[in-house]
Amino acid sequence: MLVSLAAVAVAVSPPSEWVTRAATGNLMYTMDTSFTQNWKAMPTVGNGYVSTLIANQAEYVAGVYNWAAQKQSSRATFPASTNIALKGSDPAGYALDMQYGTAERIYANGVRQRWYAHRTQVNLLVTEFLTTDSYDYSDGPGTRPSNCQHASDEDPGNCYMVYTKLPSSTQYMDVYSGQIDEAEYPGSPLIKFVVVRTAINFPLIVGGVSRFLSVRVTSLDSTNLEQDAINMYNNASHDANLYQTHQQEWISLTTAGISVEGDLDLALSINSSFYGIVSALHKDVPWDTSPGGLSTNGYWGNVFWDSDLWIYPNALLFHNDLARMQMQYRFNVRDGAAKNAAMQGWKGFQYPWQSAETGQEVCYNSIYEYEEIHISGDVAQAMWQMYRATGDEQFLAEIAYPVLYNISVFWASRVVKNPDGSYSINNVMCPDEDANGVNNSAYTNAVASQTFVWTAAAAQILSKTTPPAWDDIRKNLRIPFDSVNQYHPEYEGYNGQEVKQADVVLMGFPLMYPMPQQVYFNDLNFYGQHTRNSVAMTWAIFTIGYRSIGYYDQAADAFNKTVRQNNPSGPFHTWGEYEQNSGCPNFLTAAGGFLQSVWAGFGGVRLTDTALTITQPAPPSGGSTRLTLSKLSYLGCLLTVDIYATYFSVFLESCGPAVPYLHVNQTQLDVGGYMKYSSQDNVVITK
């Protein structure tokens with residue numbers, strides 16, 4: 001018998017669990033449902049393989065892209081399998097638990113609904129109602145209209161995958177199959193998939209909840225899609241501990257990261273930012289994420305340099321196993337990078353502005369494809385940073401060095417030798433994407449120069465050699481410099497034009513290109529006045545730069561521009577590309593930049609070729625009294641750095657057999673050991 005919703009309807013209050021956990025910074029909730037009018041503000045659930053915004057029409061699977069590159073390839077849009085709601089009772093509140101990896105909705109009748117993308121059973125999306133009473137449910141899977149709209153940079157479109165129902169379906173379980181419409185390039189596979197989901201109005205009653213499951217398996221992962229999907233579904237359907245195993249895995253993940261005391265709003269922004277990144281990646285899924293994460297099709301769901309420069313560094317230091325998958329993806333698509341270079345008459349690896357399944361450019365025949373080539377240098381930097389963080393020579397030999405070497409080959413083929421013996425890189429687009437068709441972009445040339453340095457260093461470690469000509473290019477590559485005003489013009493001929501986003505200032509961080517401190521200040525000061533207040537991640541680089549050279553007031557102003565004024569917004573501290581959640585939704589690029597401003601800016605953390613350094617750290621400006629960097633990963637060891645206004649400490653939690661202890665300022669620090677320093681001190685951590 002169905003429960004009469006009218007009979008049980010009450011004036012609902014937030015569950016006490018929500019209130020308690022919100023006070024710790026682990027959960028956010030709202031009883032004002034008006035925010036749902038903006039779909040971009042809805043909370044995410046994801047595990048790096050499958051993801052969605054809750055109560056949304058679309059779901060996404062890592063690595064599954066649709067449409068030919070000539071039509072702008074984008075991540076394939078699956079009809080939502082978990083967009084299920086109670087009939088007859090309106091939503092009254094929503095919550096996002098960033099420690100448990102779940103989102104919830106409470107109805108006016110008091111029933112709670114929970115979503116999660118299972119962290120260990122990665123093919124599985126779950127929504128469950130925390131009741132065993134019988135209700136009617138409404139279902140919201142999207143179906144493709146005849147004149148469907150393709151995804152754009154900020155809208156998912158509605159060209160849903162077309163499903164065919166299979167005979168293995170039952171009254172209680174729906175089984176569908178399908179395939180993408182078009183391959184990315186000729187010769188690319190037409191990816192097939194099978195989706196198995198609980199039939200509407202027949203929830204599984206397990207462990208005191210009414211549960212709906214959805215499993216998807218693709219031809220990227222399986223050769224027996226239908227049977228594998230059904231087996232996964234059946235195994236999950238009988239698992240009374242399904243939620244508990246998911247929850248425990250998320251609790252374990254969230255022991256690593258950043259926490260602050262004294263500023264709950266900032267703590268929520270930090271937790272939300274890490275949650276967004278971790279929910280878009282998985283240690284066993286060798287795909288990278290897009291600027292809009294895995295839960296949206298923002299920027300078509302494709303991989304940009306945002307990942308290598310803005311998102312990846314946070315995973316590298318706090319979730320190294322996730323960062324390895326990002327680098328594995330770049331390695332796996334190296335053949336596409338080689339084709340990109342060859343198509344334009346160059347050699348080596350040219351990584352694309354937009355990368356999807358193959359690594360070939362999917363923003364087809366555009367100025368970005370031909371000119372925004374600094375991306376190859378960004379990939380090289382990310383590869384070298386992994387070696388710096390881990391000291392893993394197997395990774396260096398098998399993954400990083402082939403990529404570094406071939407990116408150096410690309411740069412060597414791309415330069416032009418000038419009559420005076422110098423070298424130029426002409427007709428490029430800067431990281432400031434308003435500046436295209438220019439010669440000698442300061443950042444592009446600097447990262448090209450450093451690529452040669454990293455490749456030579458890797459070659460020496462691996463007892464290999466590099467061509468002598470590369471060193472000549474490195475030494476003589478033109479990097480614009482104004483000797484009168486002592487700063488780096490953005491490109492040859494630059495004359496003070498407004499800059500879209502962080503560009504030259506990226507030379508100071510993360511590139512750490514050698515320059516006098518006064519020049520670094522001049523770059524920051526000049527471009528701080530010539531950069532428009534737009535893209536969310538930009539001011540994080542100013543925060544980091546100013547703090548690194550002791551200009552703390554300017555750093556605080558830049559930090560305020562990032563997190564206090566522009567972003568994030570909404571009840572779940574959701575980042576947008578621009579303020580008030582506009583532009584690309586779930587903008588992990590901004591989240592990544594913001595997190596770097598905390599650990600690299602206020603935490604003072606840097607990775608060098610020989611050490612992890614901490615320079616004059618402090619809690620973030622604006623009221624924080626304590627900053628903790630937990631399970632910071634270095635050389636296989638895990639450190640916790642606890643930072644107060646006048647002192648900080650370094651605790652060594654664990655190490656591996658290859659590096660059983662570390663040295664801090666040349667003093668041995670054993671596992672379980674602790675050292676304390678003045679906030680004015682600098683610390684050098686080595687093996």
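# Cavities, a pocket and packed helices

Visitor: How do the residues that line the second largest cavity divide by class?
Guide: In this predicted model, that lining mixes nonpolar, polar and charged residues. Counting Ala, Val, Leu, Ile, Met, Phe, Trp, Tyr, Cys and Pro as nonpolar, Asp, Glu, Lys and Arg as charged, and the others, Gly among them, as polar, the residues divide into 9 nonpolar, 7 polar and 1 charged.

Visitor: What kind of model is this?
Guide: Residues are numbered from 1 along each chain as its sequence is written, and side-chain values use heavy atoms, with hydrogens and water left out. Local features need pLDDT of at least 70, side-chain atom pairs count only at pLDDT 80 or more, and totals for chains, interfaces and linings use all residues, the model being predicted.

Visitor: How many cavities of 30 Å³ or more are there?
Guide: On a 1 Å grid over the protein atoms alone, a cavity is a set of points where a 1.4 Å probe fits but cannot get out, while a pocket is an open set with protein on both sides within 12 Å along at least five of seven lines. Points are joined across faces, edges and corners, and a volume is the space filled by probe spheres on them. Counted with the 30 Å³ limit, the number of cavities is 5.

Visitor: Which residues are closest to the centre of the largest cavity?
Guide: The space in the largest cavity is about 180 Å³. Its lining (residues with an atom within 4 Å of a point) holds 18 residues, and the closest to the centre are Pro313, Gln385, Phe509, Pro510 and Trp599.

Visitor: Which element gives the largest share of the lining of the largest cavity?
Guide: Elements are DSSP runs numbered from the N terminus: helices (H or I, at least four residues) and strands (E, at least two). Those giving two or more residues to this lining are α6 (305–318), α10 (374–390), α17 (588–602) and β22 (605–607). The largest share, 6 residues, comes from α6.

Visitor: What joins Phe509 and Pro510?
Guide: Both residues appear among those closest to the centre of the largest cavity, and Pro510 sits in the loop between α13 (468–476) and α14 (517–530). With omega at about 10 degrees, the link from Phe509 to Pro510 is a cis peptide bond.

Visitor: Which element gives the most to the lining of the second largest cavity?
Guide: About 150 Å³ of space lies in this cavity. Among its 17 lining residues, Thr44, Ser272, Phe572, Thr574 and Asn586 are the closest to the centre. Two or more residues come from each of α5 (264–278) and α17. With 4 residues, the one that gives the most is α5.

Visitor: Which element gives the most to the lining of the largest pocket?
Guide: This pocket holds about 480 Å³ of space. Of its 28 lining residues, Asn26, Thr254, Ile258, Ser259 and Asn271 lie closest to the centre, and α4 (242–253), β19 (257–261) and α5 each supply two or more. The most, 7 residues, come from α5.

Visitor: How do the residues lining the largest pocket divide by class?
Guide: Residues of α4, β19 and α5 take part in this lining. By class, the lining has 14 nonpolar, 12 polar and 2 charged residues.

Visitor: How are α6 and α10 placed to each other?
Guide: Axes are lines fitted to C-alpha atoms, for helices over the stretch in contact, with angles from 0 to 180 degrees between N-to-C directions. The axes of α6 and α10 come within 9 Å and cross at roughly 10 degrees. Since an angle under 35 degrees counts this way, the two helices are therefore roughly parallel.

Visitor: Which residues of α17 make the contact with α15?
Guide: Helix α15 (residues 538–548) and α17 pack with axes 8 Å apart, at an angle of about 5 degrees, which makes the two roughly parallel. Contact means heavy atoms within 4.5 Å. From α15 come Ala540, Thr543, Ile544 and Arg547, and from α17 Gly593, Phe594, Gln596, Ser597, Ala600, Gly601 and Phe602.

Visitor: Which residues of α13 are met by α12?
Guide: Helix α12 (residues 442–461) packs against α13 at an angle of about 145 degrees, with the axes 9 Å apart. On the α12 side are Ser449, Phe452, Val453 and Thr455, and they meet Trp470, Ile473 and Arg474.

Visitor: What is the phi of Asn365?
Guide: Asn365 lies in the loop between α8 (334–343) and α9 (367–371). Although Asn365 is not a glycine, its phi is positive, at about 55 degrees.

Note on methods. Parallel < 35°, antiparallel > 145°, perpendicular 65-115°, else oblique.
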